[in-house]
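I opened this notebook to keep track of what I looked up, one topic at a time. My plan was to begin with a single pair of strands and work outward from there.

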Amino acid sequence: MATKSKKQSVSKNKQKQPGSTVKIALLGFGTVGSSVARVLAASKFPGLQLTHIYNRSVARKRTSPAASSVPASVVWTENIDDILKSDVDIVVELIGGLTPIEGWLRKALAAGKSVVTANKQLIAYRGASLAKVAAQQHVHLAYGAAVAGGVPVIPGMQQGLGGDQVSRISGIVNGTCNYILSRMESGSEYASVLADAQQLGYAEANPSADVDGFDARAKLCILSRIALHAELDPDAVTTQTISTVEAIDFTYAKELNCTIRQVSRAQQEGNIVHARVAPMLVPLTSPMAWSHGTQNMVVVSGKFGGDVVFSGHGAGGEPTAVAVVSDILAVAQSCKSVQLPVRRRAVTGEFLAPHYLRFVVDDKPGIVSAIAGALAKVGANIDSLLQRPGHPKHRLPFVVTTEPCLTSTIELAIESIARMDCMLEPPLCLQILVAEDKPE
Ligand SMILES: NC(=O)c1ccc[n+]([C@@H]2O[C@H](COP(=O)([O-])OP(=O)(O)OC[C@H]3O[C@@H](n4cnc5c(N)ncnc54)[C@H](OP(=O)(O)O)[C@@H]3O)[C@@H](O)[C@H]2O)c1
């Protein structure tokens, strides 16, 4: 029985004639969902019809001002089976999270419906397996809005860069962190900028997913799958919080002709992918330094095509809705995205890079030579030492930069330096991005 209904839905899907109406269901009528409804209503794309909206406590949504753009013919429901058993062709998931979404979308795909989603966690953790189900069912799974919101980095890489051999990707894919760090450039401290970001709706009440790098990590894994054809375990990707960066670090970074950004980067070397999400010193000449506020930016480096930069609004209802509606249009027109074989790859957070080390000490003679000794012991060479005047000796921040060395090497030295009596807070260790930066 199950086989028969599967065959029926696949054949139903294949029978969609050009010019016939493609029916759409929205799951989730929040920031992005309501914007998608608005964009669909405003643009009146021929052949697309929004027929269903699913949300919990749907009566509240139906009477909200955001519902004014929704056609009267749309069926509002809080019963997911009304969608799964309907004749909709495309299920557009804009709720977020893994459970219960994964189960619902598997059922939708199994019922021969294509799926469009902006759900980065779902695609980072379950994307490969959902794509397999979609392929078996001859339907589409599109997730162009899952990374960088309105910036078409996913379709751009799939379609426009499929012909290159991409060796590395690096970028700013979390607007909250970019807002916080670019505001800190003008001297504000982390806590006050975070409070502003929360008030403006750029940061959650619990900001951990953003500031500790987990949101960006999911996006980096999606980008690695598309650009490097490498399937990574998101939990294996090293993350470093931005919450330990202080205003003084921007002052020292500027002296080094740099600023600080949360950088997500991945580089393939043989069967291993070097991947990391962390605040880094970024040269002022890098496009990433020019990205301010909630902007996103991804730099893709290809063997044949060189560097390609994608940038724009990484979040927000309408920019994200544009990416979602573009996916809906592509699916409705049966546009096949370029698919190349993807392989599971081991991940390491190891990079060979110069490092920025900031210490806050109760100043006593011999501290610098003790730090130099700890670095020399692991084979790390000091490149420069920066100490700005005007700080009290009993709480003195100063900076050491190193020549390129392995992340693990520098971490060993930092562990021993952190144990020194004069250290008033844990040392801050940031990698410095340089153009020729290579993984080991
Ligand atoms: N916002 C952005 O800028 C942006 C950018 C890129 C990608 N995304 C992704 O887009 C998706 C939606 O984000 P959003 O910002 O639109 O979120 P949102 O404003 O919180 O909207 C989510 C909607 O889903 C409903 N919902 C939540 N859990 C539900 C459940 N278990 N059953 C039924 N309905 C449920 C919510 O209803 P209630 O009102 O009752 O909570 C709300 O209407 C997420 O995957 C997000 O990561 C968002």
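Entry one, a strand and its partners. I began with Val92, and found that its bridge partner in β5 is Val116. I noted that I am reading a predicted model, and kept that in mind for every entry below. Looking at the pairing as a whole, I saw that β4 and strand β5, residues 114–117, run parallel and are joined by four bridges. I then turned to strand β1, residues 22–27, which is also parallel to β4 and is joined to it by four bridges. There I found Leu26 standing opposite Val92.

Next I asked which way the residues of β4 point. Within this strand, residues 90–93, Ile90 and Val92 point one way while Val91 and Glu93 point the other way, and I recorded that all of them are buried.

Entry two, the cores. I asked which residues touch the most other members in the largest nonpolar core. That core has 53 residues, and the ones I wrote down are Val153, Met157, Ile169 and Ile222. Helix α11, residues 214–228, gives the most to this core, contributing nine residues. I also found a second, separate core of 30 residues, and its members include Val22, Leu40, Trp76 and Val116. Val116 was already in my notes as the bridge partner of Val92.

Entry three, helix α7. I looked up the buried residues of this helix, which covers residues 153–160, and listed Val153, Ile154, Gly156, Met157 and Gln158. These buried residues pack against β7 (166–172), α11, β12 (295–302) and β13 (306–313). I then followed Met157 alone, leaving out residues up to four places away in sequence, and found that it touches Gly162, Ile169, Leu223, Ile226, Ala227, Val300 and Phe310.

Entry four, the ligand. I asked which residues come nearest to the ligand. There are 20 residues around it, and Val32, Asn55, Arg56, Arg60 and Gly316 come nearest. For Arg60, I noted a polar side-chain atom 2.8 Å from an oxygen atom of the ligand. For Lys61, an N or O atom in the side chain is likewise 2.8 Å from a ligand oxygen atom. With Thr31 it is a backbone N or O atom that lies 2.9 Å from an oxygen atom of the ligand. Finally, I recorded that the ligand taken alone exposes 890 Å², and that the protein buries 75% of that area.

Technical notes:
Residues numbered from 1 in each chain as written. Predicted model: local features only at pLDDT ≥ 70, side-chain atom pairs only at ≥ 80, totals over all residues. Heavy atoms only, no water. Core = buried A, V, L, I, M, F, W, Y, C linked by side-chain atoms within 4.5 Å. Buried < 20%, exposed > 50% of the residue type's maximum accessible area, 1.4 Å probe, protein only. Helix = DSSP H or I, 4+ residues; strand = E, 2+ residues; numbered from the N terminus. Contact = heavy atoms within 4.5 Å. Near = heavy atom within 4 Å. Polar contact = N/O pair within 3.5 Å; in protein donor to acceptor, adjacent residues only side chain to side chain. Areas by Shrake-Rupley, 256 points an atom, 1.4 Å probe, with all protein chains shown as cover. Pairing = 2+ DSSP bridges.
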